[in-house]
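Colleague: I'm new to this one and would like to know what stands behind the words people use for it. Can we go through it together?

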Amino acid sequence: MNNLEKKNAIDLAKKLKKKILDLSFYAGSSSSHFGGALSSADIVASLFGEVMNFNKKNFKSSSRDRFILSKGHGCMVYYAVLNILGIIPDEKLKTFEKDSSDLLGHPVKNSEIGIDFSTGSLGMGLSLGIGLSLAFKRKEMKNRVFVLVGDGECNEGSIWESALCAPNLELNNLTVIIDHNNFQQTGSNDEIMSIKNLESKWSSFNWNTILVDGHDINKLTTALKSNNSNLPKAIIAKTIKGKGFSFSENNNDWHHKVMTNKTYQEAKEEISKND
Amino acid sequence: MTEINKKKIDLWSNIGSRATFGLAALELEKKIKELFVVTCDVSTSAGLDRFRKQVPHKYVDVGISEQNMIGVASGLSTEGFKVITTTFAPFQTLRCCEQIKVNQGYMKTKIVMVGLASGLVLGALGFTHCSIEEVGVLRSIPNLAIVSPADSLEVVKSLEAALNYESSVYIRLTGGSQSPIVNSEDYKFEIGKAIKLTDGDDVTIFSCGAMVHNSLEAALILKKNDISCRVVNMHTIKPVDVDSIKESAKFSKLIVTVEEHNIIGGLGSAISEELTKIKDSPKLLRIGINDKYNKGGSYTYLQKIYELLPEQISNKIIKNLT
């Protein structure tokens, strides 16, 4: 039932959005990062549905591709995909943000449920990805590494330390995807710390840079699969924060907010109408 | 085990802890095929030039980017490499402190971090390059051991022990070139097990790093004043050797700690935390840097300013015994 093989990423993306909605409801009064999880949903669907060698059978095997959710607050999309893949059971999903849960508001390393790294402190994931990619190169292994970073996260200086490093090491087994939803915690990028042209920034750091609609799964998949350079790849995915629900799209109130029963029911209705 | 002989001990003492570290890493690489070194543009300062040239496939320089260094090292470690990171102590620790917390503490990703020229040895460059705070900060991070070798031979022994230790380890290198020999022959070294260097009934001095030598010298001065000292090389600051503290607390009239670190947060703090658990424990005298950035200067000058020279240590002890 939960086996993703041969199902396409578009179908997965729809399921992810429903699961994210459920998870935000399970979080109850502790609140959850709704908008940033939804902006990443089509990216994660493309990765796990079409691109990465990662599934229920191989998630503990050294041959799997590696995924790092550097924007750890977007964890609902991560838990959702691991659940749909059959790695995180439904019952566990309901413990989201509850006492002593394995599923907190930022991912906690847990090889039993497919989570390779604890993330959430912004700006750290890409360096880890460089270490992994370098290890695979030195061991002559073919694994690929995918790191999902937020655009607000690009305020962190450590992102630019790693951005400088990876092309110097010619790590073409490394892909960073920047979820460019134009918002961060307390406002738009432009209001808080304008990042201007992300494409030219990553390009000037010598990354093989591709600008893509972050909700067009066909284009995302093509960009993620392209492989014609000895350089690491940066995909700037232009996204909409809160994508998928009329009340949350481009509404930064949903950066981190309690999902009430009323809104939850309305959102479920909206999904069923769109199905 | 790395072969130890008198010739090597003399050589290592002459070149000091940093260059000894580089030689030790090169020697260990022959035995540990997964060894990997990650640096921040400090190969020469760390004595790693030969390593870089001879085993480039097990070496990466990430440039002057310490936060990135910890992440890269952690990623390599996750894939089975035994990773050593190194740069100057302030940048190896405080500059990337949160990366260490998350990667080594929270995630328990094992690496060995070597802080070069810690303490006061770079005093002529100013306190940006001295490191008198990092033990206090790192001690509060779970799943991390802290070792401060007493001499160059102990640098070699602690590096090998750290690579085989269960958690990540921070190795704090102090002292300059021409570092005095504390251990003149091979001995058993174990992380977390203190080493009694001299015995005495009146005072116990717990010390670490380059201050072990100063403490031994201070004990000789005290001996001339009929005060007998047990000097303990407390090379591991975390986990601190509780048994060694308990034993000394039974008989010593005074317990003294001597360290090249702020008296807040370092070895003295670690020992005081244990002494408070012991009923009727002896008085504790903490000797170290008195929570103050002074004007910079040579290593000897700063040891004098902070009253860390042997005669100053012995004088303080005499004063506290009377």
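Colleague: Let's start with the sheet in chain B: in what order do the strands come, and how are they paired?

Modeller: The order is S7-S9-S8-S11-S12, five strands in an open sheet with mixed pairing. Strands here are DSSP runs of E with at least two residues, helices are runs of H or I with at least four, and both are numbered from the N terminus. Two strands pair if DSSP finds at least two bridges between them. Before we go on: this is a predicted model, where local features need pLDDT of at least 70, side-chain atom pairs count only at pLDDT 80 or more, and totals for chains, interfaces and linings use all residues. Residues are numbered from 1 along each chain as its sequence is written, while chains are lettered from A and ligands numbered from 1 in the order in which they are written.

Colleague: What makes S7 and S12 of chain B edge strands?

Modeller: Strand S7 (195–198) and strand S12 (283–289) each have a single partner strand, so one side of each has no neighbour in the sheet. On average, neighbouring strands of this sheet are turned by 25 degrees against each other, direction ignored.

Colleague: How do you know that S11(B) and S12(B) pair?

Modeller: Six bridges join strand S11 (residues 254–262) to S12(B), and pairing asks for at least two. The two strands run parallel, and B:Val256 stands opposite B:Leu285 in S12(B).

Colleague: Over to chain A. Why are H1(A) and H4(A) called oblique?

Modeller: The axes of helix H1 (residues 9–26) and helix H4 (residues 75–84) cross at roughly 120 degrees and come within 9 Å. Axes are lines fitted to C-alpha atoms, for helices over the stretch in contact, and angles run from 0 to 180 degrees between N-to-C directions. Under 35 degrees counts as roughly parallel, over 145 as roughly antiparallel, 65 to 115 as roughly perpendicular and the rest as oblique. H1(A) and H4(A) are therefore oblique to each other. Their contact residues divide into ten nonpolar, two polar and two charged. (Ala, Val, Leu, Ile, Met, Phe, Trp, Tyr, Cys and Pro count as nonpolar, Asp, Glu, Lys and Arg as charged, and the others, Gly among them, as polar.)

Colleague: And what makes H6(A) and H7(A) roughly parallel?

Modeller: They pack at an angle of about 25 degrees, with their axes 8 Å apart. That angle makes H6(A) roughly parallel to H7(A), the limit being under 35 degrees. By class, their contact has five nonpolar, three polar and no charged residues.

Colleague: Which helices of chain A each supply at least two residues to the side that touches chain B?

Modeller: Helix H6 (125–138) and helix H7 (157–168) do. H6(A) gives the largest share, nine residues. The contact takes 19 residues from chain A and 21 residues from chain B, where contact means C-beta atoms, placed from the backbone, within 7 Å.

Colleague: What makes the bond between B:Lys238 and B:Pro239 a cis peptide bond?

Modeller: Its omega is about 0 degrees. B:Pro239 is in the loop between strand S10 (236–238) and helix H9 (242–251) of chain B.

Colleague: Last one: what confidence does the predictor give chain B?

Modeller: Its mean pLDDT (the predictor's confidence in each residue, from 0 to 100) is 97, and 100% of its residues reach 70 or more. The complex gets an ipTM of 0.96 and a pTM of 0.97.

Terms used
Two residues are in contact if their C-beta atoms, placed from the backbone, lie within 7 Å.
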